[in-house]
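Student: I would like to learn how to read a metal site and its surroundings. Please take me through one case.

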Amino acid sequence: MIVKTEKEREGMRAASRVVKAALDAAERFIVPGVTTVEIDRVVEQTIRSLGAIPSSKGFQGYPNASCISVNDVVVHGIPSLMAVKDGDIVSVDITALLNGYQGDAARTFAVGNVSEANLKLIAAAKDAFFAGLEHAKAGGRVGDIASAVQLYTELHGYGVVRALTGHGIGHKMHEPPEVPNFGRRGTGSPLKAGLCICIEPMITAGDWRVKVDRDGWTVRTMDGSNAAHYENTVIINADGAPEILTL
Ligand code: MF3
Ligand code: CO
Ligand code: CO
């Protein structure tokens, strides 16, 4: 779906607000000792209380309302009875469906007192998103966003994950185009006014290579280094700044 009408924009905004509310609820709930299924329950309850559906649940067989990825897990961590502990970093990625529209966003949260290195990693994922966002404008190309994210990340000494990408979003969670976090400017799909995309840098403190656990979902760094994730759903405008729907 290329978002065009104001009605469609409103639909995307409303779904995105649900996602943001669920992220906020997760953030308030996270303290040392809570398990990741407990965090997931808070996310699911928040989404449902707002009349929306947790669309990751059942997506290609994924079992939960959120992906909760701790420390060296980059994305798609499955909630479990494992408790988070002081010093951990926890990425929470949430997708919600409201009135036929999808919203999708992720944040990495610090649990209790985390190291300076972890705080910097978390901040760098956010800053990489905003570096990419500067190029999210009509007339540009997906590769402009991708190269800006990569440049920022690598300049600051972090690795940028290549196996997974951002994406278009609309009535479906994943729509064309793919929005990678590495690449060359001037390449890839053209960015058009009204296009709705998720820009989502996944960055690592060490090497960018990742592996998938035997559960078929959990993506972790090959070298065991920590990872951070920062994602928003945005609409590209004809002129001026893009609109971030999940802030
Ligand atoms: N929210 C993820 C994304 O950013 C996708 C979730 S995969 C699922 O694209 F299986 F958990 F739904
Ligand atoms: Co997501
Ligand atoms: Co996404």
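**Reading the metal sites**

Tutor: The cobalt ion (ligand 2) is coordinated by D93 (OD), D93 (OD), D104 (OD) and E231 (OE), at 2.0 to 2.5 Å. Donors are N, O and S atoms within 2.8 Å of the metal (3.2 Å for Na, K and Ca); water is not among the atoms, so sites may look incomplete. This is a predicted model, in which local features need pLDDT of at least 70 and side-chain atom pairs count only at pLDDT 80 or more, while totals for chains, interfaces and linings use all residues. Residues are numbered from 1 along each chain as its sequence is written, chains are lettered from A and ligands numbered from 1 in the order in which they are written, and side-chain values use heavy atoms, with hydrogens and water left out.

Student: Why is the arrangement around the cobalt ion (ligand 2) called irregular?

Tutor: Ideal angles at a metal are 109.5 degrees for four tetrahedral donors, and 90 or 180 degrees for six octahedral ones. Four donors count as tetrahedral if all angles lie between 85 and 135 degrees; four count as square planar and six as octahedral if opposite donors are over 155 degrees apart and all others between 65 and 115; anything else is irregular. Here the six donor atoms subtend angles of 56 to 171°, which makes the arrangement irregular.

Student: Which residues supply the protein donors of the cobalt ion (ligand 3)?

Tutor: They are D104 (OD), H167 (NE2), E200 (OE) and E231 (OE), at 2.0 to 2.2 Å from the ion. In sequence these donor residues follow the spacing D-x62-H-x32-E-x30-E. The site of the cobalt ion (ligand 3) is also irregular, with angles of 51 to 170° among its six donor atoms.

Student: How far apart are the cobalt ion (ligand 2) and the cobalt ion (ligand 3), and which residue coordinates both?

Tutor: The two ions lie 3.2 Å apart, and D104 bridges them.

Student: Are D104 and E231 buried or exposed?

Tutor: Buried means under 20% relative accessible area, exposed over 50%, partly exposed in between (1.4 Å probe, protein chains only). D104 is buried, with a relative accessible area of 3%, and E231 is buried at 0%.

Student: What does the side chain of E175 reach?

Tutor: A polar contact is a pair of N or O atoms within 3.5 Å; within protein, one must be able to donate a hydrogen and the other to accept it, and residues adjacent in sequence count only if both atoms are side-chain atoms. The E175 side chain reaches the backbone nitrogen of H171 at 3.0 Å and that of K172 at 2.9 Å.
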